[in-house]
Amino acid sequence: NAGLRPDAYCYGIVVHAWSQCNPADAVRAQKVVDDMLHRYDLGERHLLPHLYCYGNLLKAWQRSSLPEAGHRAYDAWKLMFERHNANPDEPAPGVWHTTTVLDTFANLGDVDNAQMMFDLLTIPPQVYQLYTDSVIKLT
């Protein structure tokens with residue numbers, strides 16, 4: 001049917017699938033979410049990634065063996081946070097999203113950034129922006 005089109009749920013299934021595949025497939029999951037956001041920003045409102053879509057993206061980075069996985073997970077978390085601040089209709093990262101990034105850093109042996117993510121769990125969300133801009137080490 002020409003009137004049918006995939007929505008955020010359909011794309012979320014694709015992100016979930018990539019999160020369950022080869023650890024290097026986090027890059028593919030990221031591309032799907034990036035495409036969803038780009039198309040959403042162009043007016044395709046049915047493609048706004050939902051909490052589970054972002055969660056599966058972070059899970060893909062968590063499972064990744066790529067050395068940049070921690071920073072890529074953090075970048076996805078921060079983008080989610082910033083987009084929510086700009087538009088409260090967009091999903092905000094929750095505790096699960098934050099602990100997934102924490103675990104990604106920890107799995108890579110990046111104790112300093114894992115600790116920074118843990119610290120985010122102890123401060124009010126309204127100060128995340130100040131905290132993340134000044135503390136997370138993007139090395």
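## A Residue and Its Contacts

Apart from neighbours within four places in sequence, Leu57 touches six positions of the chain by name: Val15, Ala26, Ala29, Gln30, Val33 and Ala76 are in contact with Leu57. The model described here is predicted.

## The Nonpolar Core

Leu57 also belongs to the largest nonpolar core, which has 29 residues. Together with Val15, Val33, Trp77, Val101 and Met117, Leu57 is listed among the residues with the most contacts inside this core. At least two core residues are supplied by each of α1 (8-19), α2 (26-41), α3 (51-63), α4 (69-86), α5 (95-107) and α6. The largest share, seven residues, comes from α4.

In soluble globular proteins, nonpolar side chains tend to be buried together.

## The Overall Fold

The protein chain contains seven helices and zero strands. Read from the N terminus, the order of its elements is α-α-α-α-α-α-α.

Of the contacts with a separation of 6 or more, 65% join residues that are 24 or more positions apart. The chain has 139 residues, and buried residues make up 40% of them.

## The Surface

The protein chain exposes about 7500 Å², and carbon and sulfur atoms supply 58% of this area. Val95, Phe118 and Leu121 make a nonpolar surface patch of about 270 Å².

Within this patch, Leu121 lies in the loop between α6 (111-120) and α7 (128-135). Is Leu121 buried or partly exposed? Leu121 is partly exposed, because its relative accessible area is 33%.

How values were computed
Residues numbered from 1 in each chain as written. Predicted model: local features only at pLDDT ≥ 70, side-chain atom pairs only at ≥ 80, totals over all residues. Heavy atoms only, no water. Patch = residues over 30% accessible without salt bridge, like charges linked within 9 Å, V, L, I, M, F, W, Y side chains within 5 Å. Areas by Shrake-Rupley, 256 points an atom, 1.4 Å probe, with all protein chains shown as cover. Salt bridge = Lys/Arg side-chain N within 4 Å of Asp/Glu carboxyl O. Helix = DSSP H or I, 4+ residues; strand = E, 2+ residues; numbered from the N terminus. Buried < 20%, exposed > 50% of the residue type's maximum accessible area, 1.4 Å probe, protein only. Contact = heavy atoms within 4.5 Å. Core = buried A, V, L, I, M, F, W, Y, C linked by side-chain atoms within 4.5 Å.
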